[in-house]
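I set out to record how the elements of this model pack against one another. The entries below follow the order in which I looked things up.

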Amino acid sequence: MKLIFLGAPGAGKGTIATRLTERTGMTAVSTGDLFRAAIKNETELGLKVKAIIESGDLVPDELTVALVKERLKEETGDKGFILDGFPRTIAQADALKTFCPIDAVINFVVPDEKIIKRLSGRRLCRQCNAGYHIEYMPPKQEGICDACGGELYTRKDDSPESIQNRLSVYAEQTKPLIDYYRKEGLLIDIDGTPSPDEVCDAVCKAIAQ
């Protein structure tokens, strides 16, 4: 099964992708993780995209497509994969068609006000990259990672100003993909507001039909 996860930033795509891979053995391919790895390793691509990501804008289509195409050439297992964060534009979707057919597109539906609450409360560990939320999943000690004792921080693109910009960018450039894939007969709408386990159950049920 080859899936695309669609939804605004903070809709839960990454969380559900992780749970679904644990249940099914599928491989999650996250462009966000690929970009962050490139930035951390200070590759040529990483240097190009660092400022773009921190401002909340989208990385140019040609760079994103090249990165994903290269990743899909690697081993993804016989259970299939989940594309999380790609495509984000119609041009990227058209490019994807040329090298990888897709079985279904899961669209996570979450109101903007809930997304803002989710993102502004996120915290990440500087050392091991473990994720927390000040309300939904707080660390045992404020500002300290439970796993490694590292410092927790707020990503620059999770600031209120950047969140608003990310939602505006999503509405302008990515939301049209909903109509694009609905016309293709591939889109499945999933309510992304319940607990992660409930949302994952709904996804499993939908793709099994």
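**Helix pairs and a small set of strands**

I began with two helices and noted that H6 and H7 are oblique to each other. The model is a predicted one, and I read every value below with that in mind. For this pair I found axes that come within 10 Å and cross at roughly 135°. That angle lies outside the range of 65 to 115 degrees for roughly perpendicular and is not over 145, so the pair falls under oblique. H6 spans residues 112–120, and H7 spans residues 160–174. I recorded the crossing of H6 past H7 as right-handed.

I then listed the residues that make this contact. From H6 they are Asp 112, Ile 115, Ile 116, Leu 119 and Ser 120; H7 contributes Ile 163, Gln 164, Arg 166 and Leu 167. By class I counted five nonpolar, two polar and two charged residues in the contact of H6 with H7.

**Entry on the sheet**

I next asked in which order the strands are arranged. The order is S6-S5-S7, in an open sheet of three strands with antiparallel pairing. S6 (131–133) and S7 (152–153) are the edge strands, each pairing on one side only. S5 covers residues 122–125, and I found three bridges joining S5 to S6. Across this pair, Leu 124 stands opposite Gly 131 of S6. I also looked for H6 here: H6 packs on the sheet, touches S5 and S6, and its direction makes about 30° with that of S5.

**Entry on Arg 118**

Is Arg 118, a residue of helix H6, buried or exposed? I noted a relative accessibility of 16%, and because the cut-off for buried is under 20%, Arg 118 counts as buried. Setting aside neighbours within four places in sequence, I listed the contacts of Arg 118 as Gly 10, Ala 11, Gly 12, Val 110, His 133, Tyr 136, Gly 192 and Thr 193. One of these, His 133, is 15 residues from Arg 118 along the chain, and their C-alpha atoms are separated by 7.7 Å.

**Entry on a second helix pair**

Finally I examined H2 (residues 31–40) and H4 (residues 61–72), which pack at an angle of about 100° with axes 11 Å apart. This angle makes H2 roughly perpendicular to H4. I recorded Thr 31, Leu 34 and Phe 35 of H2 in contact with Thr 64, Leu 67, Val 68 and Arg 71 of H4. The classes in the contact of H2 with H4 are four nonpolar, two polar and one charged.

Terms used. Residues are numbered from 1 along each chain as its sequence is written. This is a predicted model: local features need pLDDT of at least 70, side-chain atom pairs count only at pLDDT 80 or more; totals for chains, interfaces and linings use all residues. Side-chain values use heavy atoms; hydrogens and water are left out. Two strands pair if DSSP finds at least two bridges between them. Helices (H or I, at least four residues) and strands (E, at least two) are DSSP runs, numbered from the N terminus. Contact means heavy atoms within 4.5 Å. Axes are lines fitted to C-alpha atoms, for helices over the stretch in contact, and angles run from 0 to 180 degrees between N-to-C directions. Angles under 35 degrees count as roughly parallel, over 145 as roughly antiparallel, 65 to 115 as roughly perpendicular and the rest as oblique. A crossing is left-handed if the near helix is turned anticlockwise from the far one by less than a right angle, and right-handed if clockwise. Ala, Val, Leu, Ile, Met, Phe, Trp, Tyr, Cys and Pro count as nonpolar, Asp, Glu, Lys and Arg as charged, and the others, Gly among them, as polar. Buried means under 20% relative accessible area, exposed over 50%, partly exposed in between (1.4 Å probe, protein chains only).
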